[in-house]
Amino acid sequence: MAGSGGAPLPAPKSILFAPLRLRGVVTRNRTVVSPMCQYSSIDGGPSDWHLVHLGKFALGGAGIVFTEETAVEARGRKTHACAGIYDDRHHPVYRRITDFLRAHGSVPAIQLGHSGRKAASGPPWTLFQPLTELDAQRGLPPWQPVGPSPIPHRAEAQTPRAMDRAEMNAVLAAWREATRRALDCGFDIIEVHGAHGYLIHQFLSPLANHRTDAYGGSLENRMRFPLEIVDSVRALWPDDRPLFFRVSALDGDGGVWDLDDTVALARALHAHGIDVVTCSSGGINGPLNMAIVPRTPGYQVSYAARVRRDAGVLSCAVGLITEPEQAEAVLRAGDADLIALARELLYNPNWPVHAARALGEPDYLDLLPPDYAWWLKRREQVRALS
Ligand SMILES: Cc1cc2nc3c(=O)[nH]c(=O)nc-3n(C[C@H](O)[C@H](O)[C@H](O)COP(=O)(O)O)c2cc1C
């Protein structure tokens with residue numbers, strides 16, 4: 001294990017700070033920066049905002065730093081300000097970001113996705129209102145979303161165009177192209193976004209997928225296109241680099257997708273070369289009046305535990321994990337292999353350092369860049385003497 005300055009660290013006392021090998025990639029600890037959309041991209045391209053936003057998590061000691069959901073093609077963005085990786089112009093900034101993350105000890109990782117029928121919306125502060133002609137007058141025109149079936153995800157949303165085989169092939173080609181670009185840009189991990197009601201989840205869910213061909217109906221049929229996407233990515237992604245997949249393990253209260261479906265999916269994903277399944281929930285809307293999974297601390301950990309135990313694949317837990325002891329307990333119980341955090345890292349990007357200290361790691365300051373660590377160690381020495 002190495003600190004961000006490359007100095008070797010002593011053996012960790014906790015599991016959270018034990019390195020983890022994933023194929024040929026070693027992460028210095030088991031903390032993961034969960035993907036977080038920034039709605040700050042221009043024509044899909046990242047900017048200095050992304051460098052600073054993601055870079056500060058590397059400076060704060062994170063093991064793996066994920067970009068936000070990054071669309072494999074322009075129409076697969078949710079909003080005009082969502083990130084994408086479909087243009088050569090995007091490469092230099094992504095390369096700058098991955099170089100920076102790696103130089104400071106984190107594994108650079110990208111979440112790739114396609115919004116499908118959830119495309120052409122406003123940002124979260126408009127509650128993702130579907131774009132209209134009024135937005136078009138402000139230079140933000142709506143575009144035609146696609147999906148497995150012509151079923152809008154909410155009453156006011158556009159009806160998606162049901163994808164035919166040619167369109168599905170075009171989307172597979174976009175996934176391949178994005179994988180090649182992610183490799184060129186220096187990422188070491190890809191997470192395929194199969195959750196939160198986006199295109200892959202739309203194919204999986206009987207609420208969004210009413211197809212009568214080989215891609216609809218039975219669970220096996222509904223998994224077919226998602227697995228074709230995974231195959232497309234795995235075929236181009238080097239063998240020594242890990243692949244993650246994010247699932248919505250449950251729809252919510254009154255939903256139709258349950259944990260048995262998730263376990264079946266996770267088994268299939270593992271057989272198709274997925275190394276880690278990240279367990280989230282929700283996001284697929286439909287005619288059912290579903291309540292979201294109650295947001296209590298660690299509310300999705302039991303899903304990660306079930307996937308790990310019954311599908312025999314590594315899992316990543318996420319969702320209101322905020323305390324170092326809580327994260328360590330999840331790992332000690334064997335409920336997950338990695339701990340992802342989102343909002344707590346917005347509050348404290350140095351959370352890994354804070355957690356390492358709380359868990360008794362003697363050299364927790366070595367997670368910081370040497371330029372910071374030197375001063376803080378000196379302060380500790382002075383304190384110890386006084
Ligand atoms: C600002 C923000 C943006 C998010 N964007 C994404 C995203 O791009 N992809 C994704 O899979 N999840 C996204 N999420 C969900 C988080 O990754 C995470 O699963 C969720 O916030 C629960 O973890 P937390 O309680 O640690 O925040 C986002 C969450 C936040 C707060």
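Biologist: How do the residues of the shell around the ligand divide into nonpolar, polar and charged?

Modeller: In this predicted model, the split is 8 nonpolar, 5 polar and 4 charged. The ligand has 17 residues around it, and Ser34, Cys37, Gln111, Leu320 and Arg343 are the closest.

Biologist: What makes the pair between Ser34 and the ligand a polar contact?

Modeller: The cut-off is 3.5 Å between N or O atoms. A side-chain N or O atom of Ser34 sits 2.7 Å from an oxygen atom of the ligand, so the pair qualifies.

Biologist: And which ligand atoms do Cys37 and Gln111 reach?

Modeller: Nitrogen in each case: a polar backbone atom of Cys37 is 2.8 Å from a nitrogen atom of the ligand, and a polar side-chain atom of Gln111 is 2.8 Å from a ligand nitrogen. As for cover, the ligand exposes 600 Å² when taken alone, and the protein buries 82% of that. The space it takes is the largest pocket.

Biologist: How many disulfides does the structure hold?

Modeller: It holds 0. Take Cys37: the nearest cysteine sulfur belongs to Cys82, 5.0 Å away. A disulfide needs two cysteine sulfurs within 2.5 Å, so Cys37 is in none.

Biologist: Where is the nearest cysteine sulfur to Cys279?

Modeller: On Cys316, 8.4 Å away. With the limit at 2.5 Å, Cys279 is therefore in no disulfide.

Biologist: Why is Cys37 called partly exposed?

Modeller: Because its relative accessibility is 23%, and partly exposed runs between 20% and 50%.

Biologist: Does Cys279 count as buried or exposed, and why?

Modeller: Buried: its relative accessibility is 0%, and under 20% means buried.

Key
Residues numbered from 1 in each chain as written. Predicted model: local features only at pLDDT ≥ 70, side-chain atom pairs only at ≥ 80, totals over all residues. Heavy atoms only, no water. Near = heavy atom within 4 Å. Polar contact = N/O pair within 3.5 Å; in protein donor to acceptor, adjacent residues only side chain to side chain. Areas by Shrake-Rupley, 256 points an atom, 1.4 Å probe, with all protein chains shown as cover. 1 Å grid on protein atoms, 1.4 Å probe; cavity = no way out; pocket = protein on both sides within 12 Å on 5 of 7 lines; lining within 4 Å. Sits in = over half its atoms within 2 Å of the grid points. Nonpolar A, V, L, I, M, F, W, Y, C, P; charged D, E, K, R; others polar. Buried < 20%, exposed > 50% of the residue type's maximum accessible area, 1.4 Å probe, protein only.
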